Amino acid sequence: MKKKPEISMYYLDGDPFVWQPKQLRADFEAMRRIGADSVCISVLESHTSDYPGKVALARSAGLKVYAIPSRVGGFFAGWPKVASLFAARHPEYLVLTRDGRFQDATAGSVCCPNQPAFRAWFLEWLEKLLDESGVDGVVYDEPKEAHVPCWCPACRKLCPDQDEAARVRFREASVAGLLGEACRLVKRSRPDRTNILFVMPDATGHFKTRILEQPELDYFGNDGPVCHQGEPEQTHQKTSLFDSVPAIFRLADQAGKKRFTLVETFSIHSGAMAELARNLPRVAEWQADLYAFYFYGTGNQEPERVMELSAEAIARIKG
Ligand SMILES: [Zn+2]
């Protein structure tokens, strides 16, 4: 019989700058009450000193804890959406366009994995975080700009090919390679630690293949909405999880990875609540190995109702 799925809460709202232990404790206890087994807690590159304290609180509430390195080197998504301090201090390590400009990215700039000094800094940062916090694993949240070719001196040397498509493939392999090294580091630090990676639905097939080749990666999946997000008149929408999950899980199955999904319950207008109520119970049908739900996503007009519906979906998954 298939093991029961693990339920995790995606926790980005415990203010990373000012927080009170009693508030976090109450949040973690609330997560346990609705059936969470674990929590994914965001951590910024420049703000790690109080992270072990947060992890200890979650553990004392009975939750496993996964770290979400957010915006580290501009390399990941995550929250809050800030520019990387390392990237700002070291423009010499940034991804460059063909004409030598800094590649514009979703949060400032993004560092190139082929720059040895950036690689070393990132892996040291991660190792220190693992040692000091005692987390049970790491979530690699939407590696950024993997599809953008890099023309920095290091990449020009390693990949002399001038063809744009060849350079995109080279960059995707480079990004996947560094993530694979991070996964190795996580396992070396403690073999029972877990590596979880998810991509945006529009990640290329080549990038997904390169990621799935990384032997130390445990979980693979994606994130996305299950109802309309934003103002009612907003027409541009992200790909629904109902459209993206089947293909992503097929890839995970073929590569022998466990299935992960993150249900995006944020930016939900009151007008979309009926759609959310209809669709959330259906996520149980996907048979993920690890389901993550937002614990109070940002921008919801009816935050308590969204959490109630999430709790009902969790109860249904847990059977
Ligand atoms: Zn480069």
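This report walks through the overall build of the protein chain, two helix packings and a few local backbone features.

**Overall build**

Please keep in mind that this is a predicted model. The protein chain folds into 10 helices and 8 strands. A compact globule of 319 residues would be expected to have a radius of gyration near 20 Å, and the 19 Å found for the protein chain agrees with that. Laid along its principal axes, the C-alpha trace spans about 55 × 40 × 40 Å. As for burial, 45% of the 319 residues count as buried. If you take the contacts with a sequence separation of 6 or more, 75% of them join residues 24 or more positions apart.

**Helix H6 and its two partners**

Two packed helices are described by the angle between their axes and the distance between the axes. Helix H6 (residues 164–189) appears in both of the pairs tabulated here.

| Helix pair | Axes come within | Crossing angle | Handedness |
|---|---|---|---|
| H4 (residues 116–133) and H6 (residues 164–189) | 10 Å | roughly 30° | right-handed |
| H6 and H7 (residues 205–212) | 9 Å | roughly 30° | right-handed |

Let us begin with H4. Its axis crosses that of H6 at roughly 30°, and because angles under 35 degrees count as roughly parallel, H4 is roughly parallel to H6. On the H4 side, the contact is made by Arg-119, Leu-123, Leu-126, Glu-127 and Leu-130. H6 contributes Leu-178, Glu-181, Ala-182, Leu-185, Val-186 and Ser-189. By class, the residues of this contact divide into 7 nonpolar, 1 polar and 3 charged.

Now for H7. H6 and H7 also have axes that cross at roughly 30°, and the two helices are therefore roughly parallel to each other. Here H6 offers Arg-169, Glu-172, Ala-173, Ala-176 and Leu-179, which meet His-206, Phe-207, Arg-210 and Ile-211 of H7. The residues of the contact of H6 with H7 comprise 5 nonpolar, 1 polar and 3 charged.

**Backbone details in the loops**

If you like to check backbone geometry, there are three places to visit. One is the peptide bond between Trp-79 and Pro-80, which is cis, with omega at about 0°. Pro-80 sits in the loop that runs between strand E3 (64–70) and helix H3 (85–89).

Another is Glu-142, a residue other than glycine whose phi is positive, near 45°. Glu-142 belongs to the loop between strand E4 (137–141) and helix H5 (153–158). With 17 other C-beta atoms within 10 Å, Glu-142 is partly exposed.

Then there is Tyr-296, which is not a glycine yet has a positive phi of about 55°. Tyr-296 lies in the loop between strand E8 (290–294) and H10. Tyr-296 counts as buried because it has 20 C-beta neighbours inside 10 Å, and 20 or more is what a buried residue requires.

**Arg-316 in helix H10**

Finally, have a look at Arg-316, found in helix H10 (residues 303–318). Arg-316 has 14 other C-beta atoms within 10 Å, so it is partly exposed. Leaving aside residues up to four places away in sequence, Arg-316 touches Pro-281 and Ala-284. Arg-282 is 34 residues from Arg-316 in sequence, and their C-alpha atoms are 9.2 Å apart in space.

Key. Residues are numbered from 1 along each chain as its sequence is written. This is a predicted model: local features need pLDDT of at least 70, side-chain atom pairs count only at pLDDT 80 or more; totals for chains, interfaces and linings use all residues. Axes are lines fitted to C-alpha atoms, for helices over the stretch in contact, and angles run from 0 to 180 degrees between N-to-C directions. Helices (H or I, at least four residues) and strands (E, at least two) are DSSP runs, numbered from the N terminus. Angles under 35 degrees count as roughly parallel, over 145 as roughly antiparallel, 65 to 115 as roughly perpendicular and the rest as oblique. A crossing is left-handed if the near helix is turned anticlockwise from the far one by less than a right angle, and right-handed if clockwise. Two residues are in contact if their C-beta atoms, placed from the backbone, lie within 7 Å. Ala, Val, Leu, Ile, Met, Phe, Trp, Tyr, Cys and Pro count as nonpolar, Asp, Glu, Lys and Arg as charged, and the others, Gly among them, as polar. The radius of gyration is taken over C-alpha atoms; the globule rule is 2.2 Å times the number of residues to the power 0.38. A residue is buried if 20 or more other C-beta atoms lie within 10 Å of its own, exposed if 12 or fewer, and partly exposed in between; C-beta atoms are placed from the backbone.
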